[in-house]
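Trainee: I have just opened this structure and would like to learn how its descriptions are reached. Could you take me through them step by step?

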Amino acid sequence: MKNIRVDKILKSVLIIGVVLSIIIMLIGISLYFADPQESASALPIKDIIPNLAELNPIAIIDLGMLILIATPAVGIISTIISSAINRDSKFVFVPILVLILLAISFGLAAFQ
Amino acid sequence: MEIAHVVLVLVFTFLAGFFGSMLGLGGGFIMVPALTLGLGLDIKIAISASLIGIIANSSTASTTYLREGLTNVRLGLVLETATALGAIIGALIAVLIHSQTLAFIFALVLIILAVFMYLRPEEIHAAKEGKEKKSEDAYLDLSDEYYDNGLDEKVKYEVKSVEKGLAASFVAGNLAGIMGVGGGIVKVPTMNLLMNVPMKVAIATSTFMLGITAVAGALIYYSFGYVDSVITVLVIIGIIVGAKSGSLLARKIETGVLKKGFIVVLIIISALMFMKALGVYPI
């Protein structure tokens with residue numbers, strides 16, 4: 001059974017998430033300054049996708065922001081998978097618990 | 001948004017990241033008051049921007065520590081069970097109370113922080129190596145080792161007092177959620193002084209934890225509509241650039257000097273935040 005380095009995979013997830021989110025946010029803020037809007041308040045999560053189709057700068061920024069916010073959570077998922085593959089059962093349970101707590105926060109955000 | 005405001009946000013958050021990285025902090029203690037006092041932003045919007053900025057900063061800095069093998073991911077995740085819960089509760093309290101009350105709490109914590117930094121005991125830079133694993137920690141097996149470049153050797157350490165660590169982590173999470181800070185000011189000394197974790201590992205592990213803690217709090221603020229997308233992006237840019245710059249200069253400046261300066265700044269900011277809370281601050 002391959003011994004997967006949890007920290008190496010976690011590092012890759014963090015890098016990809018941060019870089020991707022910043023690129024998207026920079027695109028969004030460039031569009032915003034090209035055509036500033038009155039309100040810069042973040043859109044409700046359910047409204048982001050419909051507004052993306054119209055190239056709404058705030059929606060683009062918010063998409064990048066949510067990818068950034070999700071990045072540590074995806075990192076935790078990667079540690080769960082890595083630990084499961086390494087058959088390290090004790091450290092599958094702990095990150096699952098953290099993920100449940102983050103999911104509670106996300107649930108409040110998505111359905112507010 | 002006016003150009004002057006854009007520049008001010010970038011300058012404030014650059015300084016927050018710059019000095020924060022030198023002191024091993026996320027920068028929220030500088031960022032939130034700077035945005036609130038300097039730009040007149042609602043403190044809840046400043047806190048949400050700070051939390052999201054901390055996610056970016058923490059994730060970026062963590063990649064370096066992970067590459068160097070300093071982060072104890074297992075320990076971080078165990079402590080995060082308490083921190084994340086604390087952050088959710090803290091954030092819910094913050095969004096539901098009046099902004100002026102929040103400013104008052106912030107000012108009070110800054111004073112306590114200043115006193116704590118002044119009185120803080122000496123850090124432990126190399127933990128005592130345990131001869132055998134203690135039965136209380138054997139189940140979780142959080143002990144680890146890292147390569148210390150300064151000593152040019154591998155250092156093993158045994159993590160102790162996990163229960164105390166969890167309790168302190170819950171408090172750190174509350175701070176994070178209520179004030180928009182990462183909580184590192186509690187986590188690092190907890191790991192180092194209570195849990196026998198060497199300082200380099202404590203900082204690296206705390207940095208890893210900051211992002212997860214901030215996620216828990218940030219989503220609560222997002223759900224209650226306290227995120228300004230444009231300001232948040234500017235905060236992210238400023239804090240990442242500032243933190244990178246600060247980490248490059250950190251080795252050249254004596255920590256004691258920085259700490260004394262930071263304590264003075266904390267006291268001044270605390271006084272201004274009290275004024276804000278009392279409604280007598282001009283902006």
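Mentor: Read along the sequence, chain B follows the pattern α-α-α-α-α-α-β-β-α-α-α-α-α. Chain B holds 11 helices and 2 strands. This is a predicted model, in which local features need pLDDT of at least 70 and side-chain atom pairs count only at pLDDT 80 or more, while totals for chains, interfaces and linings use all residues. Residues are numbered from 1 along each chain as its sequence is written, chains are lettered from A and ligands numbered from 1 in the order in which they are written, and side-chain values use heavy atoms, with hydrogens and water left out.

Trainee: What makes a stretch a helix or a strand here?

Mentor: Both are DSSP runs numbered from the N terminus: a helix is H or I with at least four residues, and a strand is E with at least two.

Trainee: How much of chain B is buried?

Mentor: Buried residues make up 58% of the 283 residues in chain B. The cut-offs are under 20% relative accessible area for buried, over 50% for exposed, and partly exposed in between, using a 1.4 Å probe and protein chains only.

Trainee: Why are H3(A) and H3(B) called oblique?

Mentor: Helix H3 (residues 57-85) of chain A and helix H3 (residues 43-67) of chain B pack at an angle of about 55°, with their axes 10 Å apart. Angles under 35 degrees count as roughly parallel, over 145 as roughly antiparallel, 65 to 115 as roughly perpendicular and the rest as oblique, so H3(A) is oblique to H3(B). The axes are lines fitted to C-alpha atoms over the stretch in contact, and angles run from 0 to 180 degrees between N-to-C directions.

Trainee: Which residues make that contact?

Mentor: H3(A) brings A:Met65, A:Leu68, A:Ile69 and A:Pro72, and H3(B) brings B:Ile52, B:Ile55, B:Ala56 and B:Ser59. Contact means heavy atoms within 4.5 Å. By class, there are 7 nonpolar, 1 polar and no charged residues. Ala, Val, Leu, Ile, Met, Phe, Trp, Tyr, Cys and Pro count as nonpolar, Asp, Glu, Lys and Arg as charged, and the others, Gly among them, as polar.

Trainee: What about H3(A) and H10(B): why are they oblique?

Mentor: The axes of H3(A) and helix H10 (residues 229-249) of chain B come within 10 Å and cross at roughly 50°. That angle falls in none of the other classes, so H3(A) and H10(B) are oblique to each other. Among the residues in this contact are A:Ile58 and A:Asp62 of H3(A), and B:Val230 and B:Ile236 of H10(B). The residues here divide into 7 nonpolar, 2 polar and 1 charged.

Trainee: How do you know that B:Glu80 and B:Lys187 form a salt bridge?

Mentor: A salt bridge needs a side-chain nitrogen of Lys or Arg within 4 Å of a carboxyl oxygen of Asp or Glu. For B:Glu80 and B:Lys187 the closest N and O atoms are 3.8 Å apart, so the pair qualifies. The pair links distant parts of the chain, with B:Glu80 in helix H4 (residues 73-96) and B:Lys187 in helix H8 (residues 184-194), 107 residues apart.

Trainee: Are those two buried or exposed?

Mentor: B:Glu80 has a relative accessible area of 0% and B:Lys187 one of 2%, so both count as buried.

Trainee: How many salt bridges are there over all chains?

Mentor: The search of the whole structure finds 4. One of them joins B:Lys154 and B:Glu145 at 3.4 Å, N to O. B:Lys154, at 57%, is exposed, whereas B:Glu145, at 31%, is partly exposed.

Trainee: Why is B:Thr63 called buried?

Mentor: Its relative accessible area is 10%, so B:Thr63 is buried. B:Thr63 sits in helix H3 of chain B and touches A:Lys11, A:Leu14 and A:Ile15, not counting residues up to four places away in sequence.

Trainee: What makes A:Leu55 worth a look?

Mentor: A:Leu55 has a positive phi of about 55° although it is not a glycine. Most residues other than glycine have a negative phi. A:Leu55 lies in the loop between helix H2 (45-52) and H3 of chain A, and at 58% relative accessible area A:Leu55 is exposed.
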